[in-house]
Amino acid sequence: METFSTGSGFFFYYLLNSTNAMQPNNSAISISTGQNQTLKVNIGILSSLLDSGRTIANIFTITNKTNQTLNVQMTIENTSRPALALVGIDYILGISNQTIAPNTTKSVSVTAQFLPLLKIGGRYTGNIVLKDVVNNLEYRVPVEVVILLI
């Protein structure tokens, strides 16, 4: 399985793995499943009132398999939202760039963020986009969240 690769097929820059973190409002369901190209993140159900500002830790891990420190730009892009929503998942979830030391693993977290006037209940989907600008590599991890208005 290749994720970010030099093109040789034998040397991986990154290895993305799921964690054992559970959804914030359902401790029986995992947040992330799979590895590399099959990795998916389902935050589960968040309340726009109760979960604003909540950090959701350990959604997945990244292992830097190189001998150099790598800076990974992380953004969230929209793919779908409820019919009447004016904003997408990038408005609901925030993520920070990561600096990963050589041959180490780093856990990635997201933060639930809401502005009261623009929220609408429903299912939002998108991708967490990881970019290594220096090596010209990019990877997308599908992400999903369901928003309740209470």
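This is a short walk through one structure, a predicted model, with a few strands, a core and some charged residues to look at.

Okay, let's start with the sheet. There's an open one of six strands, and the order across it is β4-β5-β12-β11-β7-β9, with mixed pairing. What stands at the edges? That would be β4, residues 32-33, and β9, residues 98-100, and each has a single partner strand, so one side of each is left without a neighbour in the sheet. For anyone who wants the background, strands of a sheet pair through backbone hydrogen bonds, either parallel or antiparallel.

Let's stay at the β4 edge for a moment. β4 runs antiparallel to β5, residues 40-47, and two bridges join them. If you want to find the register on screen, go to T33, whose bridge partner in β5 is K40. The loop between β4 and β5 holds N36, and N36 has a positive phi, about 50 degrees, without being a glycine. Most residues other than glycine have a negative phi, which is the reason I flagged that one. Buried or exposed, then, for N36? Buried: its relative accessible area is 3%.

Next up is β6, residues 55-64. Seven of its ten residues are buried, so the strand is largely enclosed by the rest of the structure. Which strands pair with β6? One is β1, residues 14-17, which is antiparallel to β6 and joined to it by four bridges. There, N17 has T61 of β6 as its bridge partner. Another is β10, residues 105-112, again in the antiparallel sense, over six bridges. In that pairing T63 is matched with T105 of β10.

Two asparagines in β6 are worth clicking on. N58 lies in this strand and, like N36, is a non-glycine residue with a positive phi, here about 60 degrees. N58 counts as partly exposed, at 35% relative accessibility. Then there's N64, also in β6, which counts as buried at 0% relative accessibility. What does the N64 side chain reach? One of its polar atoms lies 3.0 Å from the backbone oxygen of I100. And measuring tape aside, N64 and T105 sit 41 residues apart in sequence, but their C-alpha atoms are 6.3 Å apart in space.

On to the core. In soluble globular proteins, nonpolar side chains tend to be buried together. Here the largest nonpolar core has 36 residues, and the ones with the most contacts inside it are I43, I59, F60 and L130. Strand β12, residues 137-148, gives this core its largest share, five residues. I59 is a good one to centre the view on. Leaving out residues up to four places away in sequence, I59 touches T19, I31, S32, V41, I43, V108, S109, V110 and I128. Notice that I43 turns up in that list and is also among the residues with the most contacts inside the core.

Now the charges. Side chains of opposite charge can pair when their charged atoms come close. How many salt bridges does the structure hold? Five. One of them links D51 and R54, with the closest N and O atoms 2.9 Å apart. D51 counts as buried, at 6% relative accessibility, whereas R54 is partly exposed at 30%.

E138 takes part in two of them. It meets K131 at 3.9 Å, N to O, and it meets R140 at 2.3 Å, N to O. E138 is partly exposed at 40%, K131 is partly exposed at 32%, and R140 is partly exposed at 37%. Through shared partners, salt bridges join E77, K131, E138 and R140 into one network.

Last stop, D132, in strand β11, residues 122-132. D132 is buried yet has no salt bridge. Where is the nearest side chain of opposite charge? It belongs to K131, and it is 12 Å away. What the D132 side chain does reach is the backbone nitrogen of V134, at 3.3 Å. Setting aside neighbours within four places in sequence, D132 is in contact with Y14, L70, N71 and L137.

That's the tour. Happy to go back to any of these on screen.

How values were computed
Residues numbered from 1 in each chain as written. Predicted model: local features only at pLDDT ≥ 70, side-chain atom pairs only at ≥ 80, totals over all residues. Heavy atoms only, no water. Buried < 20%, exposed > 50% of the residue type's maximum accessible area, 1.4 Å probe, protein only. Pairing = 2+ DSSP bridges. Core = buried A, V, L, I, M, F, W, Y, C linked by side-chain atoms within 4.5 Å. Contact = heavy atoms within 4.5 Å. Lys, Arg positive; Asp, Glu negative; His and termini not counted. Salt bridge = Lys/Arg side-chain N within 4 Å of Asp/Glu carboxyl O. Polar contact = N/O pair within 3.5 Å; in protein donor to acceptor, adjacent residues only side chain to side chain.
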